[in-house]
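Welcome, and please open your viewer. We will go from one selection to the next, with a short note at each stop.

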Amino acid sequence: MKIILLGAPGAGKGTQAQFLTQEFEIPQISTGDMLRAAIKNNTELGKMAKQFMDEGKLVSDDLIIALVQERIAQDDCKNGFLLDGFPRTLAQADALKNANVAIDAIVEIDVADDVIVQRMSGRRVHMGSGRTYHMLYNPPKVEGKDDLTGEELIQREDDKEEIVKDRLAVYHKQTQPLVAYYKAEASSSDTIKYIHVDGTQDIKVVQQQIKEKLS
């Protein structure tokens, strides 16, 4: 099963990625992890990527595609793979297609922006333990305090409302067009499925719907 996972930041992709990788016994491939591994292992592609990064440049789409091809040729991808966070743009989707990387399904987890802002901006964290709370869905017993230690809870920078809105704006500009792109690909193909699920439902319901639509 070769899957591309789409969805805005905060839509719950991480949770569903974990479920899918376990369910189908496939690795989750993120470009960040892949780049770090190639650089650490000092591969030829890793050296090229490091040069781009050392010069403060974005790693080219061609190089990313080459890294993806190198990664999916490894033994742990024999049952397939899950691409998370790639492609991010139409140019990357075209490059992936032109490189003849076969995809079985695109899974889109759809959550409205206002729900995502509420989800993320309401999160609070106890830094010492990593325990997380939500001001609406899972509030601490005492406002702003960790239940066990009584220590202050913090709001991570990435969870601040204005940061969440900025990230969503970038997603809509860069990545949202992939929804229409892959819907068109699926409608003209007998081998690619496009799966849309409502990510505001219970996690187990979302998992069940994805599983049923993939099978």
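Which residues of β3 are buried on one side, and which on the other? Select the strand and look: Phe81 and Leu83 lie on one side, Leu82 and Asp84 on the other, and all are buried, where buried means under 20% relative accessible area, exposed over 50% and partly exposed in between, with a 1.4 Å probe and protein chains only. Both faces of β3 are thus covered.

Before moving on, some housekeeping. This is a predicted model, in which local features need pLDDT of at least 70 and side-chain atom pairs count only at pLDDT 80 or more, while totals for chains, interfaces and linings use all residues. Residues are numbered from 1 along each chain as its sequence is written, and side-chain values use heavy atoms, leaving out hydrogens and water. Helices (H or I, at least four residues) and strands (E, at least two) are DSSP runs, numbered from the N terminus.

**The sheet**

Now show the 5 strands of the open sheet, in the order β2-β3-β1-β4-β7 with parallel pairing; two strands pair if DSSP finds at least two bridges between them. β2 (28–30) and β7 (193–198) are the edges, each with a single partner strand, so one side of each has no neighbour in the sheet. On average, neighbouring strands are turned by 25° against each other, direction ignored.

Go back to β3 (residues 81–84) and add β1 (residues 2–6): the two pair in the parallel sense over 4 bridges. Isoleucine 4 stands opposite leucine 83 in β3. Next, add β2, which pairs with β3 in the parallel sense over 3 bridges; here serine 30 has aspartate 84 of β3 as its bridge partner.

**Helices on the sheet**

Select α2 (residues 31–40), which packs on the sheet and touches β2 and β3 (contact means heavy atoms within 4.5 Å). Its direction makes about 75° with that of β2; such angles run from 0 to 180 degrees between N-to-C directions, and axes are lines fitted to C-alpha atoms, for helices over the stretch in contact. Then pick α9 (residues 203–214), lying across β1, β4 (105–110) and β7 and running at about 165° to β7.

**A helix pair**

Finally, select α3 (residues 44–54) and α4 (residues 61–72), which pack at about 150° with their axes 10 Å apart. The contact is made by Leu45, Met48, Ala49 and Phe52 of α3 with Leu63, Ala66, Leu67 and Glu70 of α4.
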